[in-house]
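Please work through the following exercises with the sequence and the model open beside you. Each one sets a task and is followed by a solution that goes step by step.

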Amino acid sequence: MKAKTTYFRREILDLPVFKKNHEKELARVKDILLDLTKGECLGLAIEAAGVWKNIKFLPWENVTEISENHIITEFTKPLHPLGKRREKFLAAHWIGRRLWRENNILCGTVADIAIEKAVKESPDFLSLGGAFYAISGIAMSGGIWQDMDCGWILIPWAQIAPVALAEMNQIGKNGN
């Protein structure tokens, strides 16, 4: 069976994170951090297991495996707190936002974001095995009746209009 390479944000949320070769749960996934200008995933916001529940940033280069049941990580340096600087990249900011096409035509509401394992041909990524996760599409809701009739519509990331991307980036800058 071929390994799954595409995940929706909702499938990754709350997955347990384990350090490679350890049985104890390290954290749980709270969100994905996205760079919409590049269409790439920056990393994961994870909440540490245990008494001190603080949210840390786990860069993608430290993620070695994603499955339907867990995420495996390997890192040598301590993880940094999520912090205000990275909060604007959280995917949660985009869920529930309206997305407009050119000429002010409503495309729908962002229901979910799909990410996919990809290969990037650059010296930096080749040293990491050449793999990273990129945004592959946005699942759009047309409202309850349309969703019941035909489900969500997945718009491939490459087809997202620059106008819509600019709108989403503006929302991120304003923090709304």
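A polar contact is a pair of N or O atoms within 3.5 Å; within protein, one atom must be able to donate a hydrogen and the other to accept it, and residues adjacent in sequence count only if both atoms are side-chain atoms. The model is predicted, so that local features need pLDDT of at least 70 and side-chain atom pairs count only at pLDDT 80 or more, while totals for chains, interfaces and linings use all residues. Residues are numbered from 1 along each chain as its sequence is written, and side-chain values use heavy atoms, with hydrogens and water left out.

**Exercise 1. Describe the surroundings of Ser67, beginning with the backbone nitrogen of Asn69.**

Step 1. The backbone nitrogen of Asn69 lies 3.1 Å from a polar atom of the Ser67 side chain.

Step 2. Ser67 itself is placed in the loop between E6 and strand E7 (71-73), where helices (H or I, at least four residues) and strands (E, at least two) are DSSP runs numbered from the N terminus.

Step 3. With a relative accessible area of 15%, Ser67 is buried; buried means under 20% relative accessible area, exposed over 50%, and partly exposed in between (1.4 Å probe, protein chains only).

Step 4. Not counting residues up to four places away in sequence, Ser67 touches Tyr7 and Leu15, a contact being heavy atoms within 4.5 Å.

Step 5. Ile66, found in strand E6, is buried at a relative accessible area of 11%. Apart from residues up to four places away in sequence, Ile66 touches Tyr7, Trp60, Ile71 and Tyr133. Ile66 and Thr5 are 61 residues apart in sequence, yet their C-alpha atoms are 8.5 Å apart in space.

**Exercise 2. Which residues have the most contacts inside the largest nonpolar core, and which elements give two or more residues to it?**

Step 1. A nonpolar core is a set of buried Ala, Val, Leu, Ile, Met, Phe, Trp, Tyr and Cys residues joined through side-chain atoms within 4.5 Å.

Step 2. The largest such core has 33 residues, and those with the most contacts inside it are Ile32, Leu34, Leu44, Trp60, Ile71 and Ile115.

Step 3. Two or more residues of this core come from each of strand E3 (25-35), strand E4 (40-48), strand E6 (63-66), strand E10 (105-119) and strand E11 (131-141).

Step 4. A second, separate core has five residues, including Leu33, Ala45, Phe57 and Leu90. In soluble globular proteins, nonpolar side chains tend to be buried together.

Step 5. When residues up to four places away in sequence are left out, Leu34 touches Glu40, Cys41, Leu42, Phe89, Ala91, Trp94, Ile113, Ile115 and Ile135.

Step 6. Ile135 lies in strand E11 and counts as buried at 6% relative accessibility. With the residues up to four places away in sequence again set aside, the residues that Ile135 touches include Leu34, Asp35, Ile113, Ile115 and Trp157.

**Exercise 3. Trace the polar contacts made by the side chain of Asp112, and say whether Asp112 is buried or exposed.**

Step 1. Asp112 is found in strand E10 and is buried, with a relative accessible area of 1%.

Step 2. The Asp112 side chain reaches the backbone nitrogen of Arg9 at 3.2 Å, and it makes a polar contact of 3.0 Å with the side chain of Arg10.

Step 3. The charged end of Arg10 sits over the ring of Phe8, 4.8 Å from its centre; this requires NZ of Lys or CZ of Arg within 6 Å of the ring centre and within 35 degrees of the ring normal.

Step 4. Beyond its neighbours within four places in sequence, Asp112 is in contact with Phe8, Arg9, Arg10, Ile95, Ile138, Ala139 and Trp152.

Step 5. Ala139 lies in strand E11 and is buried, with a relative accessible area of 2%. The C-alpha atoms of Ala139 and Ile153, which are 14 residues apart along the chain, are separated by 5.5 Å.

**Exercise 4. Where does Asp14 lie, and what is the sign of its phi?**

Step 1. Asp14 lies in the loop between helix H1 (9-12) and strand E2 (16-19), and counts as partly exposed at 42% relative accessibility.

Step 2. Its phi is near 70°, a positive value in a residue other than glycine. Most residues other than glycine have a negative phi.
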